[in-house]
Amino acid sequence: MKVAKSCSQCRTAKRRCRPGPTPNSACARCAHKGQNCSLLTGLNLNRQKFLAPAVTAPTGSKEVSDNIRDLLVDLYLELIHDKPHTFFHPETLRAQTQNGLLPDAILFSILAFAARLSNDQAVRGRAKEFFQAAKDALKKTIDEVTLDNVHASALVGNLCGIEGDASGESLFFGIAFRMAQILRLPEANLEDDGIMREIKLRTYWSLYMIDHWSSAGLDMPRQIPDTTRHSLPMPELKFWSLNQGNKASCVLPCDRRPGLWGYMVILARIFGKIQELHRRLANNHLSDAEAEEYTRQVALQFQEYSQNLPSDIELTRDNLHHHAKMGLGSTFVALHLGYHHYSTLLYFHYLDSTHIEVSSQALFAARCKFHAAAFSELLSISNDLPGCEAVYFIVGHMTVISSSALLHTLLFGEPDELPDTRKRLSSNFQVLLKLKQYWPYVNSMITRLFAFQEACMLSTDRVYVVDKWIVKFLLQHALPIEKNLRPPTTQSLAERDRFAEDALSILRPSRPELHS
């Protein structure tokens with residue numbers, strides 16, 4: 001059989017096909033365009049045909065059965081994908097998996113995510129094995145600048161964060177960002193069909209979102225600037241319905257309404273402003289009056305966001321059930337959890353009641369409490385409603401922030417606020433315990449609550465001074481938190497502290513079930 005010297009993509013485009021840097025790599029044109037190369041696919045298929053089954057675990061391990069593989073891919077699509085990131089067209093991903101065309105780095109990353117959420121204890125026990133296989137596979141092709149490697153690097157970076165490896169998280173995210181820039185994402189090629197165009201767009205905005213979260217969590221500079229030049233992701237159902245060769249997404253930005261992920265991007269832009277507010281406060285670059293005005297301006301952006309939200313995407317019980325029936329319940333919940341989380345962060349500073357020079361202090365503090373409570377209530381409802389579960393890793397940090405505002409209310413709030421606050425705290429803690437079963441590193445996030453409680457107890461009339469410690473507490477979720485060493489006052493909150501101790505007791509690591 002004659003071996004093709006040029007790939008099918010270059011032959012179709014009638015372009016010269018130049019070989020890649022190694023015999024087992026994509027051609028130069030496909031690598032630059034970030035598209036699959038038939039030469040690379042053929043090499044992979046031949047290697048799999050003669051050396052190993054299409055899907056195998058690391059050397060020396062047992063194979064992954066097709067049934068478990070497909071169940072885990074479906075579990076990933078249900079509970080992870082379209083929440084912290086949106087990289088794939090679901091049916092295309094399934095087809096690539098079943099046909100052995102999905103790169104190992106991506107496949108094993110997906111298996112590593114989903115294995116932790118499996119009800120099968122034996123499968124859950126293989127999560128780290130899958131993660132290592134994903135890293136090993138990615139390292140073999142790390143010098144190939146392709147869209148597949150953008151996805152693989154971002155997935156491995158997420159998995160590093162889940163394992164508490166902050167350096168690995170930053171490194172692999174950085175690789176994903178740079179490859180995306182080399183590929184000029186989200187610019188499409190003339191030969192891209194609708195699915196590929198939207199995948200590139202969703203990949204770009206996923207990296208934008210990851211950049212916001214990781215830069216805050218790791219205390220690193222952002223790599224992807226704000227822009228309104230690119231259109232927002234289309235509605236999810238429309239994207240899912242696209243077929244190979246379909247050009248349906250080739251429309252002008254003004255002609256398309258955003259999907260749920262488009263509204264997540266809008267919120268992420270606001271989140272960037274909140275990050276900047278906290279950093280400037282911590283470095284004493286804003287007076288109380290300037291901070292108040294800055295907060296008002298960001299609050300107006302939230303107001304504009306809410307006013308522009310279509311009625312069928314507003315947070316109502318009917319909409320929640322409707323999105324659950326469409327298979328979008330968890331994504332719908334993720335959008336609104338993000339809204340309440342970002343709002344809680346914006347106003348958190350004003351829980352400090354000593355801001356007597358700030359005319360809006362009481363209003364802003366009330367808003368912080370409202371959004372922390374709303375987050376807790378939505379989280380509780382979502383985990384009781386099939387198809388709406390919020391169990392991805394970063395929910396742990398978001399729940400800790402909500403719980404911190406609730407804990408402050410428990411310590412410093414009015415007596416009539418206490419009963420509902422205790423219920424919400426208890427609900428949040430149950431979620432944290434559940435998440436810890438899936439993602440053990442959530443335990444390090446739980447310890448932040450104990451540090452926050454101690455910070456609260458240092459004074460009778462203020463929760464904290466806005467300093468670098470509280471910025472680290474609120475935003476730097478990927479880094480360890482130390483105690484706030486501010487000197488204590490002579491008074492105490494003994495009675496309220498007992499309330500807090502009772503509430504936090506469920507999370508104390510002395511309980512056997514909390515040990516990793």
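The exercises below, each with a worked solution, concern ring pairs, one helix and salt bridges in a predicted model.

**Exercise 1.** Determine how the rings of Phe271 and Tyr342 are arranged, and which parts of the chain this pair ties together.

*Solution.* Begin with the distance: the ring centres of Phe271 and Tyr342 lie 4.7 Å apart, and rings count as a pair if their centres lie within 6.5 Å. Next take the planes, which stand at 20° to each other; since planes under 30 degrees apart count as stacked, the pair is stacked. By this rule the model has 17 aromatic pairs. Then place the two residues: Phe271 belongs to helix 13 (residues 260-282) and Tyr342 to helix 16 (residues 329-348), so the pair ties together parts that are 71 residues apart in sequence. Finally, consider the surroundings, where both Phe271 and Tyr342 turn out to be buried. Elsewhere, ring pairs join Tyr76, Phe87, Phe88 and Phe113 into a cluster.

**Exercise 2.** Check whether the span of helix 13 agrees with its 23 residues, and describe how far the helix is covered.

*Solution.* The expected span is 1.5 Å times one less than the number of residues, and for the 23 residues of helix 13 this comes to 33 Å. The C-alpha atoms at the ends of helix 13 are 33 Å apart, which agrees with the expectation. As for covering, 17 of the 23 residues are buried, so that helix 13 is mostly covered, buried here being under 20% relative accessible area. After helix 13 comes Asn284, which has a positive phi, near 60°.

**Exercise 3.** For the salt bridges Arg69 with Asp66 and Glu91 with Arg94, work out how the partners are spaced along their helices and how accessible each one is.

*Solution.* Start with the distances: the closest N and O atoms are 3.4 Å apart for Arg69 and Asp66, and the N to O distance is 2.6 Å for Glu91 and Arg94. An α-helix has 3.6 residues a turn, so residues three or four places apart point the same way. Arg69 and Asp66 are three residues apart in helix 4 (residues 66-79), and therefore about one helical turn separates them; the spacing of Glu91 and Arg94 in helix 5 (residues 90-98) is likewise three residues, about one helical turn. Turning to accessibility, Arg69 is buried at 3%, whereas Asp66 is partly exposed at 47%. Glu91 is partly exposed at 47%, and Arg94 is partly exposed at 23%. The structure holds 17 salt bridges, and a network of them links Asp82, Glu198, Arg202 and Glu236.

How values were computed
Residues numbered from 1 in each chain as written. Predicted model: local features only at pLDDT ≥ 70, side-chain atom pairs only at ≥ 80, totals over all residues. Heavy atoms only, no water. Phe/Tyr/Trp six-rings, centres within 6.5 Å; stacked < 30°, edge-to-face > 60°. Helix = DSSP H or I, 4+ residues; strand = E, 2+ residues; numbered from the N terminus. Buried < 20%, exposed > 50% of the residue type's maximum accessible area, 1.4 Å probe, protein only. Salt bridge = Lys/Arg side-chain N within 4 Å of Asp/Glu carboxyl O.
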